[in-house]
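This report covers the ligand sites and the empty space of one model. The sequence and structure come next, followed by the contacts, the pocket and the cavity.

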Amino acid sequence: MSPSSSTRTIPATSQTPRHVAIIMDGNGRWATQRHLPRTAGHIRGVHAVRRVVEACGRRGVEYLTLFAFSSENWRRPAQEVSLLMRLFVRTLEREVDRLVAQGVRLRVVGDLGAFDDKLRGLIKSAEERTAGQSALTLTIAANYGGRWDVLQAMRALLTAHPELAAQPEQIDENALDPWLAMSYAPEPDLFIRTGGEQRISNFLIWQLAYTELYFTDRYWPDFRADDVDQAFAWYRGRERRFGRTSAQLASPT
Ligand code: IPE
Ligand code: IPE
Ligand code: MG
């Protein structure tokens with residue numbers, strides 16, 4: 001059974017979120033505000049990734065998941081898409097040693113079939129090189145979409161258990177969970193979206209069912225360790241009820 005379903009079992013919660021999931025938004029506006037090309041914002045965004053990985057590691061976060069490229073981002077101008085791909089390649093080439101030194105395990109989730117062979121090879125080797133690390137699991141969601149995830153999980157489940165097609169009532173959350181792209185992680189405790197928009201944009205739609213949602217106007221390239229602290233302080237003030245009443249939380253019997 002999956003350890004992660006907040007709708008099946010009430011997870012233990014702690015002061016520091018175990019799993020933080022972030023929509024890194026606002027790169028383009030950050031650059032436009034400075035009369036720079038949007039791509040300059042993406043380049044500066046990589047610095048923010050470094051800062052936030054380090055800050056989360058120091059604060060004892062176990063899983064950090066960053067939305068880097070959505071299944072809808074292919075709709076952007078070809079030039080911007082190609083810069084984002086090159087940036088992804090360059091970052092993978094340059095950052096793996098640092099990740100290993102920090103005890104970070106890297107995983108990449110999404111429909112990777114859309115990427116070229118070089119990028120896929122780099123992803124695979126970066127995952128392999130960091131596989132022994134255990135301080136923090138950093139997941140990059142690339143060509144990821146929450147709806148894609150639910151659909152691919154359902155297809156994978158039915159491929160593994162074709163008999164279930166004739167008994168759909170046998171398909172429950174526990175059956176589907178192991179096939180989701182992030183089945184190795186508990187559901188996110190804290191979701192952060194920078195850049196001022198208050199929407200999910202097809203991120204982890206299944207896994208965010210009981211996640212605390214935090215929105216900040218700060219553009220991603222400006223996001224720093226003290227913004228992480230602010231979000232965590234806000235998180236500590238939440239009462240995570242998972243369907244129960246406040247009174248039940250105060251005196252669990
Ligand atoms: C997020 O910043 C990065 C990606 C989606 C790749 P944006 O590029 O969406 O920046 P804004 O929202 O246009 O400012
Ligand atoms: C969401 O940001 C995707 C990533 C940050 C990778 P977008 O900027 O693409 O989202 P929308 O289009 O404004 O909802
Ligand atoms: Mg955006």
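A polar contact is here a pair of N or O atoms within 3.5 Å. By that cut-off Arg38 makes a polar contact with ligand 1, because an N or O atom in its side chain is 2.9 Å from an oxygen atom of the ligand. The model is a predicted one, and side-chain atom pairs count only at pLDDT 80 or more.

## Ligand 1

The shell around ligand 1 has 13 residues, and those that come nearest are Asp25, Gly28, Arg29, Arg38 and Arg76. By class, this shell holds three nonpolar, five polar and five charged residues. Helices α1, α2 and α3 each supply at least two residues of the shell around ligand 1. The most comes from α1, with three residues.

Besides Arg38, the side chain of Arg29 places an N or O atom 2.7 Å from an oxygen atom of ligand 1. Gly26 takes part through its backbone, where a polar atom is 3.4 Å from an oxygen atom of ligand 1. On its own, ligand 1 has 380 Å² of accessible area, of which the protein covers 87%.

## Ligand 2

Around ligand 2 are Ile23, Met24, Asp25, Phe67, Ala68, Phe69, Ser70, Asn73, Arg76, Arg193, Arg199 and Ser201. Five of the residues in this shell are nonpolar, three are polar and four are charged. Strand β2, residues 63-70, gives the most to the shell, with four residues.

Polar side-chain atoms of three residues lie by oxygen atoms of ligand 2: Asn73 at 2.9 Å, Arg76 at 3.3 Å and Arg199 at 2.7 Å. The protein covers 77% of the 390 Å² of accessible area that ligand 2 has on its own.

Asp25 and Arg76 appear in the surroundings of both ligands: they are among the residues that come nearest to ligand 1, and they are also listed around ligand 2.

The contacts with the two ligands are set out below.

| Ligand | Residue and atom type | Distance to a ligand oxygen atom |
|---|---|---|
| Ligand 1 | Gly26, polar backbone atom | 3.4 Å |
| Ligand 1 | Arg29, side-chain N or O atom | 2.7 Å |
| Ligand 1 | Arg38, side-chain N or O atom | 2.9 Å |
| Ligand 2 | Asn73, polar side-chain atom | 2.9 Å |
| Ligand 2 | Arg76, polar side-chain atom | 3.3 Å |
| Ligand 2 | Arg199, polar side-chain atom | 2.7 Å |

## The largest pocket

Where do the ligands sit with respect to the pockets? Ligand 1 sits in the largest pocket, and the space taken by ligand 2 is the largest pocket as well.

This pocket contains about 920 Å³ of space. It is lined by 39 residues, and Met24, Asn27, Phe67, Ala68 and Phe69 are the closest to its centre. Of these, Met24, Phe67, Ala68 and Phe69 are also found around ligand 2.

Which elements each supply at least two residues of the lining? They are α1 (27-33), α2 (38-58), β2, α3 (78-101) and β4 (136-144). The most comes from α3, with ten residues. By class, the lining of the largest pocket divides into 20 nonpolar, ten polar and nine charged residues.

## The cavity

How many cavities of 30 Å³ or more does a search of the whole structure find? The search finds one. The largest cavity has about 90 Å³ of space. Its lining consists of 13 residues, and Ser4, Met182, Ala185, Glu187 and Gln207 lie nearest its centre. Seven residues of this lining are nonpolar, four are polar and two are charged.

Technical notes: Residues are numbered from 1 along each chain as its sequence is written. Chains are lettered from A and ligands numbered from 1 in the order in which they are written. This is a predicted model: local features need pLDDT of at least 70, side-chain atom pairs count only at pLDDT 80 or more; totals for chains, interfaces and linings use all residues. Side-chain values use heavy atoms; hydrogens and water are left out. A residue is near a molecule or strand if one of its heavy atoms lies within 4 Å of it. A polar contact is a pair of N or O atoms within 3.5 Å; within protein, one must be able to donate a hydrogen and the other to accept it, and residues adjacent in sequence count only if both atoms are side-chain atoms. Accessible areas come from the Shrake-Rupley method with a 1.4 Å probe; for residues, only the protein chains shown count as cover. On a 1 Å grid over the protein atoms alone, a cavity is a set of points where a 1.4 Å probe fits but cannot get out, and a pocket is an open set with protein on both sides within 12 Å along at least five of seven lines; lining residues have an atom within 4 Å of a point. A molecule sits in a cavity or pocket if more than half of its atoms lie within 2 Å of its grid points. Ala, Val, Leu, Ile, Met, Phe, Trp, Tyr, Cys and Pro count as nonpolar, Asp, Glu, Lys and Arg as charged, and the others, Gly among them, as polar. Grid points are joined across faces, edges and corners, and a volume is the space filled by probe spheres set on the points.
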